[in-house]
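Visitor: I'm new to reading protein structures, and I'd like to know how the labels people use are justified. Could you walk me through one?

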Amino acid sequence: PYESCNLGSINLARFVCSDDKIDWERLGLVVHQAVHYLDNVVDANCYPLPEIEEMTLKTRKIGLGVMGWAEMLIKLGIAYDSEEAVALAEDVMGFIQRESKTASAKLAEVRGVFPAYPGSSFEEEGLIQRNATTTTIAPTGTISIITNTSGGIEPLFSVGLTRTNVLDGDKMVEINDLFKEQATKRGL
């Protein structure tokens with residue numbers, strides 16, 4: 001009861017290089033920066049209830065997730081529903097999981113482990129961690145709209161749409177940038 005998890009998302013589409021490969025080094029750097037940032041958020045938050053603050057500070061749970069998976073696959077020329085996509089998903093999230101745990105361990109060396117660490121499975125395994133959790137796959141509705149990418153690990157549901165009743169009743173027409181790029185290349 002009363003636990004919370006502070007969420008953040010990495011836009012995977014931004015880690016595809018011009019040679020159609022993933023920039024693993026840069027992704028690792030961003031994972032470490034994001035873990036540090038989210039750990040800072042735990043302390044900077046204004047909690048609505050003292051019980052939530054108490055529990056959150058005990059476990060220091062953070063949830064680093066992703067968005068832009070569909071665009072990453074498009075840039076790499078991989079079908080969303082393919083075995084290759086499933087294998088890549090395991091590689092990408094395995095990498096983010098490992099790097100986030102490494103980043104949390106480095107923070108623990110400087111800042112200490114999370115207060116509920118004694119008696120935890122981490123202590124039993126001899127793993128020091130600043131955060132009881134480091135990753136999650138959460139929906140990224142508004143965040144992905146703001147960053148102009150697909151939400152979470154979802155496929156593209158539409159390459160073009162009109163958002164109605166935005167702000168003061170305005171309409172926003174949106175066309176996926178990668179679709180526009182391909183349509184232009186093909187003379188459509």
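Visitor: How many bridges join strand 1 to strand 2, and do they run parallel or antiparallel?

Guide: Before I answer, keep in mind that this is a predicted model. Six bridges join strand 1 (residues 6–11) to strand 2, and the two strands run parallel. To give you one example, Leu7 has Gly63 as its bridge partner in strand 2.

Visitor: What makes those two strands count as a pair?

Guide: Pairing takes at least two bridges, and here there are six, so strand 1 and strand 2 qualify.

Visitor: Why is strand 2 called largely enclosed?

Guide: Six of the six residues of strand 2 (residues 62–67) are buried, so the rest of the structure largely encloses it. Both of its faces are covered: Ile62, Leu64 and Val66 are buried on one side, and Gly63, Gly65 and Met67 on the other.

Visitor: What is the overall layout around these strands?

Guide: The protein has seven helices and four strands. Going along the sequence, you meet them in the pattern β-α-α-β-α-α-α-α-β-β-α. The C-alpha atoms fill a box of roughly 60 × 40 × 25 Å along the principal axes, and 37% of the 188 residues count as buried.

Visitor: Let's go to the loop between strand 1 and helix 1, where Phe15 is found. Why is Phe15 called buried?

Guide: Its relative accessible area is 3%, and buried means under 20%, so Phe15 fits the label.

Visitor: What sits over the ring of Phe15?

Guide: That's the charged end of Arg26, 4.4 Å from the ring's centre.

Visitor: How do you know that 4.4 Å is within the distance limit?

Guide: The limit for a charge over a ring is 6 Å from the ring centre, so 4.4 Å falls within it.

Visitor: How many aromatic pairs are there?

Guide: The structure holds three of them. In one, the rings of Phe114 and Tyr117 have their centres 5.8 Å apart and their planes at 85 degrees.

Visitor: Why is that pair called edge-to-face?

Guide: Planes over 60 degrees apart count as edge-to-face, and these are at 85 degrees, so the name applies. Phe114 also forms an edge-to-face pair with Phe122, at 6.0 Å centre to centre and 80 degrees between the planes. Phe114, Tyr117 and Phe122 together form one aromatic cluster.

Visitor: What makes Phe114 and Phe122 buried?

Guide: Use the 20% cut-off again: Phe114 has a relative accessible area of 3%, so it is buried. Phe122 has 14%, which is also under the cut-off, so Phe122 is buried too. Tyr117 is buried as well.

Visitor: Where is Arg130, and why does it count as buried?

Guide: Arg130 is in the loop between helix 5 (121–125) and helix 6. Its relative accessibility is 9%, under the 20% cut-off, so it counts as buried. The side chain of Arg130 reaches the backbone oxygen of Arg111 at 3.1 Å.

Visitor: Why is Leu49 called partly exposed?

Guide: Buried means under 20% and exposed means over 50%; Leu49 has 38%, so it lands in between. You'll find Leu49 in the loop between helix 1 (24–44) and helix 2 (50–59).

Visitor: What is unusual to look for in the phi of Arg60?

Guide: Arg60 has a positive phi of about 50 degrees although it is not a glycine. Arg60 is in the loop between helix 2 and strand 2, and with a relative accessible area of 4% it is buried. Tyr2, in the segment before strand 1, also has a positive phi, near 75 degrees. Tyr2 is partly exposed, with a relative accessible area of 43%.

Visitor: How do you know that Asn176 caps helix 7?

Guide: A side-chain oxygen of Asn176 lies 2.9 Å from the backbone nitrogen of Leu178, at the N-terminal end of helix 7 (residues 177–185). A polar contact needs the two atoms within 3.5 Å, so 2.9 Å fits that distance. After helix 7 comes Gly187, with a positive phi near 75 degrees.

Visitor: Which residues are closest to the centre of the largest pocket?

Guide: The largest pocket has about 440 Å³ of space. Of the 26 residues that line it, Thr149, Ser150, Gly151, Leu156 and Arg163 are the closest to its centre.

Definitions and conventions. Residues numbered from 1 in each chain as written. Predicted model: local features only at pLDDT ≥ 70, side-chain atom pairs only at ≥ 80, totals over all residues. Heavy atoms only, no water. Polar contact = N/O pair within 3.5 Å; in protein donor to acceptor, adjacent residues only side chain to side chain. Phe/Tyr/Trp six-rings, centres within 6.5 Å; stacked < 30°, edge-to-face > 60°. Buried < 20%, exposed > 50% of the residue type's maximum accessible area, 1.4 Å probe, protein only. Lys NZ or Arg CZ within 6 Å of the ring centre and 35° of its normal. 1 Å grid on protein atoms, 1.4 Å probe; cavity = no way out; pocket = protein on both sides within 12 Å on 5 of 7 lines; lining within 4 Å. Points joined across faces, edges and corners; volume = space filled by probe spheres on them.
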